[in-house]
Amino acid sequence: KDSNDYSDVENFYGLYLLALANEDLTSYVANASGAGTASFSASANFSTFSDEIRSYLKNSNINQNSQASNQSLIIRALAHNNQNMYSGGLAMSGVVGMGGSLTRSVNRVKTESYIEKSLVNVEDLAEVRSESIDRVNTKTVSGSGAGTVALAGSVSIIDIQNSNSAKIIDN
């Protein structure tokens, strides 16, 4: 079974090509400040995933001698990214307190699976598949307290630009 417990590979006969990237990231950023008159607090949490995953069959001959009975061909490129990002800041003072937090996640994942310039003879399953799954969980908090002026703000920015391609070329 592959990482998603796909049951079609339990009793598999043939050729299975799998390119798989599993990435897990957990990050924490926190700070606090305090003063009698003025305090400032800022935190920033940045992460970037940049992956290129390929699974392919190129310039090949598969089952060309009539041995294709019950044979399958599966070509998969899979990317699974899991991010947990936590950031926070706190500013406390007697007169002015200012706190801010920023979380930024950038994902650039390219998955590609293909058959190119190949002769394939299978009687069962033929699959070419590409998939990317991103799970991004951010918790960004900010706080401030003061006797006169208190200001707090928090921002989470998630930028996912993935591309998936599954194809059969010049066969």
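Modeller: Before we start, a polar contact here is a pair of N or O atoms within 3.5 Å, where one must be able to donate a hydrogen and the other to accept it. Please also keep in mind that this is a predicted model.

Colleague: Which side chain is joined to the side chain of Asn84 by a polar contact of 3.2 Å?
Modeller: Asn84 has its place in strand E4, which covers residues 72-93, and its side chain makes a polar contact of 3.3 Å with the side chain of Arg135. That is not the one you asked about, since the contact of 3.2 Å joins Asn84 to the side chain of Asn137.

Colleague: Is Asn84 buried or exposed, and what is its relative accessible area?
Modeller: If we leave aside neighbours within four places in sequence, Asn84 is in contact with Leu25, Thr26, Ser27, Arg135 and Asn137. A residue counts as buried when its relative accessible area is under 20%. Asn84 is therefore classed as buried, because its relative accessible area is 12%.

Colleague: Where is Arg54 found, and is it buried or partly exposed?
Modeller: The partly exposed class lies between the 20% and 50% limits of relative accessible area. Arg54 has a value of 43%, and so it falls in that class. To give both parts of the reply, Arg54 is found in strand E2 and counts as partly exposed.

Colleague: Which residues does Arg54 form salt bridges with?
Modeller: Side chains of opposite charge can pair when their charged atoms come close. In one such pair, the closest N and O atoms of Arg54 and its partner Glu52 are 2.5 Å apart, while in another pair the corresponding separation, to Glu112, is 3.0 Å. The partners asked for are thus Glu52 and Glu112.

Colleague: How many residues apart are Arg54 and Glu112?
Modeller: Arg54 forms a salt bridge with Glu112, with the closest N and O atoms 3.0 Å apart. This pair links distant parts of the chain, as Arg54 lies in strand E2 and Glu112 lies in strand E5, residues 96-116. Along the sequence, the separation of the two is 58 residues.

Colleague: Is Glu112 buried or exposed?
Modeller: Glu52 counts as partly exposed because its relative accessibility is 49%. Glu112 has a relative accessibility of 11%, and the limit for the buried class is under 20%, so Glu112 counts as buried.

Colleague: Which residues are linked in a network of salt bridges?
Modeller: The count of salt bridges in this model comes to seven, and one of these joins Arg129 to Glu131, with the closest N and O atoms 2.7 Å apart and both residues buried. The network, however, includes Arg54, whose salt bridges to Glu52 and Glu112 we have already met. The linked residues are Glu52, Arg54, Glu112 and Lys167.

Colleague: Which residues make up the largest nonpolar core?
Modeller: This core has six residues in all, and the elements that give two or more residues to the core are strand E1 (14-35) and E4. A second, separate core of five residues includes Leu57, Leu73, Ile75 and Ile115. The largest core is made up of Ala19, Ala21, Ile53, Ala77, Ala79 and Val109.

Colleague: Which residues make a nonpolar surface patch, and about what area does the patch have?
Modeller: One member is Phe40, which is found in strand E2, residues 38-58. Phe40 counts as exposed because its relative accessibility is 55%, and the limit for that class is over 50%. The patch is made by Phe40, Met98 and Leu151, and its area is about 300 Å².

Colleague: Which backbone nitrogen lies 3.2 Å from a polar atom of the side chain of Ser101?
Modeller: Ser101 is found in strand E5 and counts as buried because its relative accessibility is 5%. Leaving aside neighbours within four places in sequence, Ser101 is in contact with residues including Ser43, Ser87, Gly88, Gly89 and Thr140. Among these contacts, the backbone nitrogen that lies 3.2 Å from a polar atom of the Ser101 side chain is that of Gly89.

Terms used: Residues numbered from 1 in each chain as written. Predicted model: local features only at pLDDT ≥ 70, side-chain atom pairs only at ≥ 80, totals over all residues. Heavy atoms only, no water. Helix = DSSP H or I, 4+ residues; strand = E, 2+ residues; numbered from the N terminus. Buried < 20%, exposed > 50% of the residue type's maximum accessible area, 1.4 Å probe, protein only. Contact = heavy atoms within 4.5 Å. Patch = residues over 30% accessible without salt bridge, like charges linked within 9 Å, V, L, I, M, F, W, Y side chains within 5 Å. Areas by Shrake-Rupley, 256 points an atom, 1.4 Å probe, with all protein chains shown as cover. Salt bridge = Lys/Arg side-chain N within 4 Å of Asp/Glu carboxyl O. Core = buried A, V, L, I, M, F, W, Y, C linked by side-chain atoms within 4.5 Å.
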